Amino acid sequence: RTYFSRYFHRKVGVCFVCWLTSLRIEQARASMQSSDLSITRIAFNVGYKNLWSFERAFRRCTGMSARQYKVSVKPD
């Protein structure tokens with residue numbers, strides 16, 4: 001685990017967990033724009049085991065809650 005983490009950081013420039021979180025949040029954002037799935041379903045679909053962890057990661061990456069983001073990207 002340690003070897004992989006160091007190797008990944010050297011090659012990509014960010015730690016694996018940060019990269020994975022970023023990838024998951026981008027997938028969630030795309031899903032919010034293109035579907036009417038609930039935030040809970042989206043969180044599970046992108047790999048989070050609970051909504052609280054997803055909400056915290058989403059806010060950290062985007063600066064807004066998942067609910068605020070979903071409302072802002074939905075057409076009127």
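Two residues are in contact here when heavy atoms of each lie within 4.5 Å. With that meaning in hand, the predicted model can be read from its overall plan down to single residues.

The protein contains five helices and zero strands, and its elements follow one another along the sequence as α-α-α-α-α. Its C-alpha atoms fill a box of roughly 50 × 20 × 20 Å along the principal axes. Of the 76 residues, 25% count as buried. The protein exposes about 5600 Å², of which carbon and sulfur atoms supply 54%. Among contacts between residues at least 6 apart in sequence, 44% join residues at least 24 apart.

The C-terminal pair of numbered helices offers a detailed example of packing. Helix α4 spans residues 51-62 and helix α5 spans residues 66-73; the two pack at an angle of about 65 degrees, and their axes are 9 Å apart. On the α4 side, the contact is made by Phe54, Glu55, Phe58 and Arg59, which meet Ala66, Gln68 and Tyr69 of α5. By character, the residues of this contact divide into four nonpolar, one polar and two charged.

The loop between α4 and α5 holds Ser65. Leaving aside residues up to four places away in sequence, Ser65 touches Glu55, Phe58 and Arg59, and these three residues of α4 also take part in the contact with α5. Ser65 has a relative accessible area of 10%, and it is therefore classed as buried, since the limit for that class is under 20%.

Attention now turns to the N-terminal part of the chain. Phe4 is placed in helix α1. Because its relative accessibility is 41%, Phe4 counts as partly exposed, a class that lies between the buried limit of under 20% and the exposed limit of over 50%. Phe4 and Cys15 are eleven residues apart in sequence, and their C-alpha atoms are 10.0 Å apart in space.

Val14 lies in the loop that joins α1 (2-12) and α2 (16-34). Its relative accessibility is 35%, so Val14 likewise counts as partly exposed. Together with Val12, Trp19 and Leu23, Val14 makes a nonpolar surface patch of about 310 Å². A residue needs over 30% relative accessible area to belong to such a patch, and the 35% of Val14 is therefore consistent with its place there.

Note on methods:
Residues are numbered from 1 along each chain as its sequence is written. This is a predicted model: local features need pLDDT of at least 70, side-chain atom pairs count only at pLDDT 80 or more; totals for chains, interfaces and linings use all residues. Side-chain values use heavy atoms; hydrogens and water are left out. Axes are lines fitted to C-alpha atoms, for helices over the stretch in contact, and angles run from 0 to 180 degrees between N-to-C directions. Helices (H or I, at least four residues) and strands (E, at least two) are DSSP runs, numbered from the N terminus. Ala, Val, Leu, Ile, Met, Phe, Trp, Tyr, Cys and Pro count as nonpolar, Asp, Glu, Lys and Arg as charged, and the others, Gly among them, as polar. Patches are made of residues with over 30% relative accessible area and no salt bridge: like charges are joined within 9 Å, nonpolar side chains (Val, Leu, Ile, Met, Phe, Trp, Tyr) within 5 Å. Accessible areas come from the Shrake-Rupley method with a 1.4 Å probe; for residues, only the protein chains shown count as cover. A salt bridge is a side-chain nitrogen of Lys or Arg within 4 Å of a carboxyl oxygen of Asp or Glu. Buried means under 20% relative accessible area, exposed over 50%, partly exposed in between (1.4 Å probe, protein chains only).
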